[in-house]
Each structure stands twice: as C-alpha cells, then as structure tokens.
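Student: I'd like to take a close look at one part of this molecule and see how it fits in with the rest. Could you walk me through it?

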Amino acid sequence: MIPPPRVPPDLLQPCAGYTGPLPQSEGQISDALIAEARGRACANGRLTAVAEILAAPILEN
C-alpha cells in the first residue's frame with residue numbers, strides 16, 4: 001500500500017490577517033487592508049504548496 005503524501009504541519013497553520021479593532025481613520029484602514037492582503041497572500045501560497053504536494057506523482061521503490 002502506498003502511503004499518502006505528507007504535508008508539512010506548518011502549511012496547515014492559519015495565516016494572520018487583521019485582528020485589531022474596527023479601523024476609525026484612513027491610516028488604520030490602510031493598515032488593516034495591508035494586513036488582510038498579506039494574510040490572503042500567505043494563505044494562497046500555502047494552498048498552492050499543499051496542492052503541489054498532493055498532485056505530485058507517488059513513486060514506488
């Protein structure tokens with residue numbers, strides 16, 4: 001039986017987005033948008049890596 005591909009645990013951890021209070025100024029809104037964009041980019045990168053691992057051919061010895 002062939003074992004399933006192993007996904008590194010760090011790829012299964014959540015990515016941080018904006019977790020602060022409701023933004024009240026343009027500067028705070030800008031900071032929140034940047035944090036959300038970084039979190040989304042992190043999550044998309046991890047999803048891509050997991051998809052590549054799962055799509056990789058399994059080689060038998």
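Tutor: Sure! Keep in mind that this is a predicted model. Let's start with how much of the chain is tucked away: of its 61 residues, 8% count as buried. The chain exposes about 5,100 Å², and carbon and sulfur atoms supply 61% of that area.

Now for the overall build. The secondary structure comes to one helix and zero strands. The radius of gyration is 18 Å, well over the 10 Å that the globule rule gives for 61 residues, so the chain is more spread out than a compact globule. You can see this in the box that the C-alpha atoms fill, roughly 60 × 15 × 10 Å along the principal axes.

So let's zoom in on helix 1. It runs over residues 26–55, which makes 30 residues. From its first C-alpha to its last it reaches 43 Å, close to the 44 Å expected at 1.5 Å a residue. For a feel of the spacing inside, take A37 and L47: they sit ten residues apart in sequence and 15 Å apart in space, C-alpha to C-alpha.

What about burial along the helix? A32, G39 and V50 are buried in helix 1. A37 also has its place in helix 1, but A37 counts as partly exposed, because its relative accessibility is 35% and that category lies between the 20% and 50% cut-offs. As a bit of background, an α-helix has 3.6 residues a turn, so residues three or four places apart point the same way.

Next, look at how the helix is tied to another part of the chain. The structure holds one disulfide, and this bond joins C15 to C42, with 2.1 Å from S to S. The pair links distant parts of the chain: C15 belongs to the segment before helix 1, C42 belongs to helix 1, and the two are 27 residues apart. The torsion about their S-S bond is about -65°, so the disulfide is left-handed.

Are those cysteines hidden or out in the open? Somewhere in between: C15 is partly exposed, with a relative accessible area of 22%, and C42 is partly exposed too, at 28%.

Finally, step back to the contacts of the whole chain. Among those between residues at least 6 apart in sequence, 69% join residues at least 24 apart. Keep the C15 to C42 disulfide in mind as you look for them, as its two ends are 27 residues apart.

Methods. Residues are numbered from 1 along each chain as its sequence is written. This is a predicted model: local features need pLDDT of at least 70, side-chain atom pairs count only at pLDDT 80 or more; totals for chains, interfaces and linings use all residues. Side-chain values use heavy atoms; hydrogens and water are left out. Helices (H or I, at least four residues) and strands (E, at least two) are DSSP runs, numbered from the N terminus. The expected span of a helix is 1.5 Å times one less than its number of residues. Buried means under 20% relative accessible area, exposed over 50%, partly exposed in between (1.4 Å probe, protein chains only). A disulfide is a pair of cysteine sulfur atoms within 2.5 Å. The radius of gyration is taken over C-alpha atoms; the globule rule is 2.2 Å times the number of residues to the power 0.38. Contact means heavy atoms within 4.5 Å. Accessible areas come from the Shrake-Rupley method with a 1.4 Å probe; for residues, only the protein chains shown count as cover.
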